[in-house]
There are 2 protein chains.
Amino acid sequence: MSKQAELPLLDQTAVCCAPMVREPLGEADAAELARMFKALSDPIRLRLLSLIASHEGGEACVCDLTGRFDVSQPTISHHLKVLRDAGLVDSERRGTWVYYRVRPAALARLAAPLLTPA
Amino acid sequence: MSKQAELPLLDQTAVCCAPMVREPLGEADAAELARMFKALSDPIRLRLLSLIASHEGGEACVCDLTGRFDVSQPTISHHLKVLRDAGLVDSERRGTWVYYRVRPAALARLAAPLLTPA
DNA sequence: TCCTTGCATCGATAACTGTCGATGCAGTCG
DNA sequence: CGACTGCATCGACAGTTATCGATGCAAGGA
C-alpha cells in the first residue's frame with residue numbers, strides 16, 4: 001500500500017511558486033496538474049478528502065467513510081484508490097483497519113497555480 | 001456568449017473561507033467544486049487557462065490559442081466552452097475576434113478549500 | 001454582392017469513468 | 001483450525017468525454 005511515485009517528479013519550484021498567471025504552463029506540468037485535478041473532479045472524492053482532512057487526528061479509517069455515502073463499499077474503495085494514485089492521500093494498514101491521511105503538500109501544489117498574484 | 005449562471009449560486013462564505021480541513025464539505029458545495037475541478041482536469045484546458053491568464057492585457061483571442069496545440073480548432077473551441085461553462089473564463093466578441101479572459105474569483109474559490117490552515 | 005476569415009456547432013466514434021455485485025485476501029477472535 | 005470482519009480487486013455495463021471532419025454563421029474586405 002501507500003503507492004508513491006505514481007506521478008513523475010516535477011520541478012517543485014516551477015509548479016509551486018509560479019502562478020500560471022505569470023507564465024504559461026509547460027506540457028509536463030500541465031499533464032501532472034491535470035491528473036491531480038482530475039482526482040478532485042468528483043463530488044464523492046471531494047467529500048472523502050474533506051472527511052479525511054477534518055477527521056480527528058487528521059486521519060480516518062475506511063470504516064469511518066463507508067456508509068456516509070449512497071454508493072457501495074467497492075465504489076468508495078475505488079475513489080480512495082484514485083485519490084491515492086494522484087498522490088493526494090496516503091494509506092496505512094494498522095491491524096484490521098486501513099487509515100487514510102491527506103498529503104498537505106499535494107494540496108498546496110494544486111492551490112499554488114490558482115492564486116493570482118497581487 | 002458569456003454564459004453566466006450555469007452553476008447554481010453558492011454560499012460564498014461557506015466555500016470561500018472554510019478550508020475543508022476544518023469541516024466536511026456539504027453535498028451541494030462538493031458538487032459545484034467538482035464541476036469546476038473537472039474543467040481543470042485536462043492538460044489542454046490547463047494550458048489554455050494559463051495562456052489566457054498570462055497573455056498581455058489578461059486576455060487572449062482564440063486565434064492566439066489555436067495553433068499552439070496538436071489538436072484541431074473545433075477541439076480548442078470545445079475546451080474553451082468547457083472552461084466557460086464552468087465559470088472559469090469569460091468571452092467577449094469584438095469585431096472579428098472573440099477574446100477570453102480569466103475570472104480570478106473563480107480560481108480563488110477553487111484554491112480556498114485546498115489551503116491548509118496554519 | 002460575393003468571398004474570405006475567425007470561431008462555434010453538429011454528428012460520429014473510440015476511449016475513459018463511475019457504479020455495481022461477486023469474489024478474494026488479510027487480520028482477528030473463538 | 002474455522003468463522004467473521006474490513007477492505008481491495010475483478011468483470012461487466014451504462015454514461016460521459018475528447019477528438020475529428022464537415023458545416024454553419026457572423027464580420028469584414030474586395
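Two strands are taken as paired where DSSP finds at least two bridges between them. In the predicted model, three strands of chain B form an open sheet in the order β1-β3-β2, with antiparallel pairing. Strands β1 (59-61) and β2 (89-94) of chain B occupy the edges; each has a single partner strand, so one side of each lacks a neighbour in the sheet. From one strand to the next, the twist averages 25°. The antiparallel strands β1(B) and β3(B) are joined by three bridges, and Y99(B) in β3(B) is the bridge partner of C61(B). Helix α3(B) packs on this sheet and touches β1, β2 and β3 of chain B. The direction of α3(B) makes about 95° with that of β3(B).

Chain A likewise contains an open sheet of three strands, in the order β1-β3-β2 and with antiparallel pairing. Its edge strands are β1 (59-61) and β2 of chain A, each of which pairs on one side only. The twist in this sheet averages 25° from one strand to the next. Three bridges connect β1(A) with β3(A) in the antiparallel sense; in this pairing, R101(A) of β3(A) is the bridge partner of E59(A). Helix α3(A) packs on the sheet, with contacts to β1, β2 and β3 of chain A, and its direction makes about 95° with that of β3(A).

The other pairing in the chain A sheet involves β2 (residues 89-94) and β3 (residues 97-102), which run antiparallel and are joined by six bridges. Within this pair of strands, R94(A) stands opposite W97(A). Strands β2(A) and β3(A) form a hairpin with two residues between them. In the turn, G95(A) adopts a positive phi of about 65°.

Helix packing was examined in chain B. Two packed helices are described by the angle between their axes and the distance between the axes. For helix α3 (residues 43-54) and helix α5 (residues 73-85) of chain B, the axes come within 10 Å and cross at roughly 75°. Because angles of 65 to 115 degrees count as roughly perpendicular, α3(B) is classed as roughly perpendicular to α5(B). On the α3(B) side, the contact is made by I44(B), R45(B), L48(B), L49(B) and I52(B); α5(B) contributes I76(B), H79(B), L80(B), V82(B) and L83(B). Eight nonpolar residues, one polar residue and one charged residue make up this contact.

DNA strand C is surrounded by 25 residues, of which the closest are S72(A), T75(A), H79(A), S77(B) and Y100(B). Of the atoms of DNA strand C that come within 4 Å of the protein, 77% belong to sugar and phosphate. Both chains supply elements to the surface near the strand: α3 (43-54) and α5 (73-85) of chain A, and α4 (62-65), α5 and β3 (97-102) of chain B, each provide at least two residues. By class, this surface has ten nonpolar, nine polar and six charged residues.

Polar contacts to phosphate oxygens of DNA strand C involve residues of both chains. In chain A, a polar side-chain atom of H79(A) lies 2.4 Å from a phosphate oxygen of the strand. In chain B, an N or O atom in the side chain of S77(B) is 2.6 Å from a phosphate oxygen. For Y100(B), the separation between a side-chain N or O atom and a phosphate oxygen of DNA strand C is 2.7 Å.

How values were computed
Residues are numbered from 1 along each chain as its sequence is written. Chains are lettered from A and ligands numbered from 1 in the order in which they are written. This is a predicted model: local features need pLDDT of at least 70, side-chain atom pairs count only at pLDDT 80 or more; totals for chains, interfaces and linings use all residues. Side-chain values use heavy atoms; hydrogens and water are left out. Helices (H or I, at least four residues) and strands (E, at least two) are DSSP runs, numbered from the N terminus. Axes are lines fitted to C-alpha atoms, for helices over the stretch in contact, and angles run from 0 to 180 degrees between N-to-C directions. Angles under 35 degrees count as roughly parallel, over 145 as roughly antiparallel, 65 to 115 as roughly perpendicular and the rest as oblique. Contact means heavy atoms within 4.5 Å. Ala, Val, Leu, Ile, Met, Phe, Trp, Tyr, Cys and Pro count as nonpolar, Asp, Glu, Lys and Arg as charged, and the others, Gly among them, as polar. A residue is near a molecule or strand if one of its heavy atoms lies within 4 Å of it. A polar contact is a pair of N or O atoms within 3.5 Å; within protein, one must be able to donate a hydrogen and the other to accept it, and residues adjacent in sequence count only if both atoms are side-chain atoms.
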